[in-house]
Amino acid sequence: MEKQIKEILSVIDKSINEFQGDIPAIQKLIMDELIPVVKEFQIRNGRLINNLQNLKLLGTLRNKLKKVIVNARYKQNVENFLNSFDQVGLLQQQYFSQFNKKYKPSNTLPIIKEQAIEQTINDLVGQGMNAIVISSVEEILRQNITTGGFYLDLQRELENHILDNYTGPGSLSKYTKQITVDAINQYNAQYHETIAQDLKFNWGRYIGSLLTTSREFCIHMTDKDYFHKDELPEIIKGNIDGHHLKLGKTTGIPLGMIPGTTPENFKVRRGGYLCGHQVFWIPDSAVPKNIRENHSKVIPPVKEPVVPDGQTAIAKATFDNNKNELDEIRNAGFKINEETFNHLGKEIIVKYSLVKGSYFNPDTNTVVIGFNELRITQPNWTNRLVDHEIGHAIHHTRGIIKLATKRTIRKDFETHFDELKDIIKGKEREIDDLITKTKEAQGFTYDQHEDMGIINDILGSLSAGEFGGGHNYDYYKRAGNSEAEIFAHGVSLLKSDNEFSTITPEMEKVILKMIEYTKKVFAEKL
């Protein structure tokens, strides 16, 4: 058991360290790319001039910076990092096989991996990188231009923001470290937790490297050899074997933990952001007898709640893990439009996950809403995200677009989809170019990025991946995927406005027809 644990932690640490190795050199390349552009800015009396020429120069930077960051070496590093997800999965299965050789991996595990990888790619290469790293450099330049900042002050500010120096790590270093550490650790935790739940393991160990910056919570948890899952309510309150930990004034949980951490999601969230500790679950037989006996004397076993027959999806979610998963999602900052749930064709299960990325699993009728610390503060986006994933559940459970092993599309939706394609036929490149120009011309908020992302995905779906984007080319080519995206976006667009829905007359007409079709479906009897 100890050997497997060390191997898992070693793969995690190695993948993070190897990825971070090239980041300082890339940061220097970013600075080298900026220097000649900054020198072209018009200056008067040592200050930047707020004029059209300087703002136009700023507009040329985005693509240059992305090419510098996402170069061939960086892409290879991302690929190598993602390969470690496969290694972690195999090692986790080996870990559990020592306790139960007959266990067969759940069909949920490949979906967990697929979603974790897709979100990590987006964060390291796609919109996450644009929103956090590239946009932050643009914002520094924009502020200095529009406020007439001193040229020398701008140079110092850029150096401190971009490079590792006495002020701390550069922006790319900080961002990619958080993403890589949280992505693989949370993926590992979710993967492990899924198998442990299947095997009904009740005892855990909190293991990982203790750094000089380890949180008080992690120090006391690693001192605790074993814990039972029914101890978690007290542990989350900061009570660990007689130690009373300092709590956050607003969160009411130990300092450093992610707001909204509960006994149910702690197994994945662990000590919080950038936490390198893991919970390893074990069967009762692997726990020393005296610890099991002492525990049974102190804390009576918790009876599992029974789900009454005939409960709805929301009621069932209320009983899962003694916690209403919808409240869990709300507590994490997501908005839920409960009216959308009324249009499901049959019961589904709603789950909250610490793995980044949200999805609908047609094989288990499960909607998973994944946590993302970069997005939960964006009210419009969070509302649309839940509606979008519920939209996938609706089209599947109602038989409009079935995405299980045998994929089928209802005839009326095929007709609807063809009509949408006809509306933009011959205009795809024009719409694509306009989307690109609009993104480059504005300093977007995150909600605006997501609004444009929806337009991009609609175009990608209707052009089979030739234009637009949001998913990769192979995704759009797989039968039913493009149609499913159009329906799910129709559900979210019905409930929330999109700032760029009128970007072209053709796209406006497409969106109105999508909403019209959604209303028609919602009017149908279940």
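Two strands count as paired if DSSP finds at least two bridges between them. Helices (H or I, at least four residues) and strands (E, at least two) are DSSP runs, numbered from the N terminus.

Before you start: this is a predicted model, where local features need pLDDT of at least 70 and side-chain atom pairs count only at pLDDT 80 or more, while totals for chains, interfaces and linings use all residues. Residues are numbered from 1 along each chain as its sequence is written, and side-chain values use heavy atoms, with hydrogens and water left out.

**Exercise 1. The three-stranded sheet**

Task: Work out the strand order of the open sheet of three strands, and find which strands are at its edges.

Solution.
- Step 1: Start with strand S3 (residues 203–207), which is joined to S4 by two bridges, the two running antiparallel.
- Step 2: Now look at S3 and S7, also antiparallel, with five bridges between them.
- Step 3: Put that together and the order reads S4-S3-S7 in an open sheet with antiparallel pairing. The edges are strand S4 (227–228) and strand S7 (278–282), as each pairs on one side only.
- Step 4: Check one residue as a marker. Trp203 stands opposite His228 in S4, and Trp203 also stands opposite Ile282 in S7.
- A bit of background: strands of a sheet pair through backbone hydrogen bonds, either parallel or antiparallel.

**Exercise 2. Two faces of S7**

Task: Sort the residues of S7 by the way they point, and say whether they are buried or exposed.

Solution.
- Step 1: Fix the cut-offs: buried is under 20% relative accessible area, exposed is over 50%, and partly exposed is in between (1.4 Å probe, protein chains only).
- Step 2: One way go Gln278, Phe280 and Ile282; the other way go Val279 and Trp281.
- Step 3: All of them are buried, so S7 scores five of five by the rule just given.

**Exercise 3. Helix H6**

Task: Compare the span of helix H6 with the expected one, then find how many of its residues are buried.

Solution.
- Step 1: The expected span is 1.5 Å times one less than the number of residues.
- Step 2: H6 (residues 108–124) has 17 residues, and its first and last C-alpha atoms are 24 Å apart, close to the expected 24 Å.
- Step 3: For cover, 12 of the 17 residues in H6 are buried. Among them are Leu109, Ile111, Ile112, Ile117 and Leu124, and also Gln115, Gln119, Asn122 and Asp123.

**Exercise 4. Salt bridges**

Task: Count the salt bridges, then look at the sites of three of them.

Solution.
- Step 1: The rule is a side-chain nitrogen of Lys or Arg within 4 Å of a carboxyl oxygen of Asp or Glu. That gives 18 salt bridges.
- Step 2: Take Arg142 and Glu139, whose side chains meet at 3.2 Å, N to O. They're three residues apart in helix H7 (residues 127–147), which means about one helical turn between them. Arg142 is partly exposed at 23% relative accessibility, and Glu139 is partly exposed too, at 34%.
- Step 3: Why does that spacing help you read a helix? An α-helix has 3.6 residues a turn, so residues three or four places apart point the same way.
- Step 4: Next, Glu234 and Lys237, with closest N and O atoms 3.4 Å apart. Glu234 is partly exposed at 38%, and Lys237 is partly exposed at 48%.
- Step 5: Then Lys289 and Glu293, at 3.9 Å. Lys289 is exposed at 55%, whereas Glu293 is partly exposed at 36%. Both lie in helix H13 (residues 289–298), four residues apart, about one turn of the helix.
- Step 6: Finally, salt bridges with shared partners link Arg398, Arg410, Asp412, Lys520 and Glu524 into one network.

**Exercise 5. The whole chain, and where to be careful**

Task: Summarise the chain, then find where confidence is lowest and highest.

Solution.
- Step 1: The chain has 23 helices and 12 strands, and 54% of its 526 residues are buried.
- Step 2: Call it a contact when heavy atoms are within 4.5 Å. Of contacts between residues at least 6 apart in sequence, 72% join residues at least 24 apart.
- Step 3: pLDDT is the predictor's confidence in each residue, from 0 to 100. The chain's mean is 82, and 83% of residues reach 70 or more.
- Step 4: Helix H14 (residues 313–319) is lowest, with a mean of 39, and helix H18 (residues 411–424) is highest, at 95.
- Step 5: The pLDDT is below 50 over residues 301–323, a stretch with 36 contacts in the model beyond near neighbours in sequence. Residues 373–377 are also below 50, with 20 such contacts.
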